[in-house]
Amino acid sequence: MTCSIKMTPDALEDILKSGTISFLMKKHINDCSDCQSIVLDYSSHYTIPESVFKRPIEKQRLLWLGAELENADKEEVPEKVTKKKKKLSANVEEPIDELGSTPGKFSKFLAFCSRYKKWILAIGYLALIYPIFRLVIAFL
């Protein structure tokens, strides 16, 4: 993904002089790996105050590169092991829960509920309101 802002170290320095970064700029930096690398390079040479990101730059760095830093120390998994796992996983049947449905069926149900969420909520709301109206009319 290319960066639409084209941040340079000089532009970053100008932004940091204000003491805080705007919400949209902070959101862009969190989403853009190019701008993150510029900020991290700048932070290796100069100090960035905590007020900029509302946390120390070391913690911000862990938020941006946490998974990469954690996995950098681990060894590469040999291909033979992954091939064996693929063969084993192909032979294993899907687990069945207490209701007798497989996880695939449950995810289809959740997708259905998510798709028709407004209709389901409207019908449920009307199912609660209708008896209340009947009681109110009966007492009048």
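Biologist: Why does F106 count as partly exposed?

Modeller: Because its relative accessibility is 47%; buried means under 20% relative accessible area, exposed over 50%, and partly exposed in between (1.4 Å probe, protein chains only). Keep in mind that this is a predicted model, where local features need pLDDT of at least 70 and side-chain atom pairs pLDDT 80 or more, while totals for chains, interfaces and linings use all residues. Residues are numbered from 1 along each chain as its sequence is written, and side-chain values use heavy atoms, leaving out hydrogens and water.

Biologist: Which nonpolar surface patch does F106 help to make?

Modeller: One of about 890 Å², shared with F109, L110, F112, Y116, W119, I120 and I123. Patch residues have over 30% relative accessible area and no salt bridge, and nonpolar side chains (Val, Leu, Ile, Met, Phe, Trp, Tyr) are joined within 5 Å. F106 lies in helix α7, and α7 gives the most to this patch, with four residues. Helix α8 (117-139) also supplies at least two. Helices here are DSSP runs (H or I, at least four residues), numbered from the N terminus.

Biologist: How many salt bridges does the structure hold?

Modeller: One. A salt bridge puts a side-chain nitrogen of Lys or Arg within 4 Å of a carboxyl oxygen of Asp or Glu; here K27 pairs with D31, their closest N and O atoms being 3.5 Å apart. The two are about one helical turn apart because they sit four residues from each other in helix α2 (residues 23-31).

Biologist: And K26, is it buried or exposed?

Modeller: K26, also in α2, is buried yet has no salt bridge, and E50, the nearest side chain of opposite charge, is 12 Å away. Leaving aside residues up to four places away in sequence, K26 touches I21, V52, F53 and K54, where contact means heavy atoms within 4.5 Å.

Terms used:
Patch = residues over 30% accessible without salt bridge, like charges linked within 9 Å, V, L, I, M, F, W, Y side chains within 5 Å. Areas by Shrake-Rupley, 256 points an atom, 1.4 Å probe, with all protein chains shown as cover. Lys, Arg positive; Asp, Glu negative; His and termini not counted.
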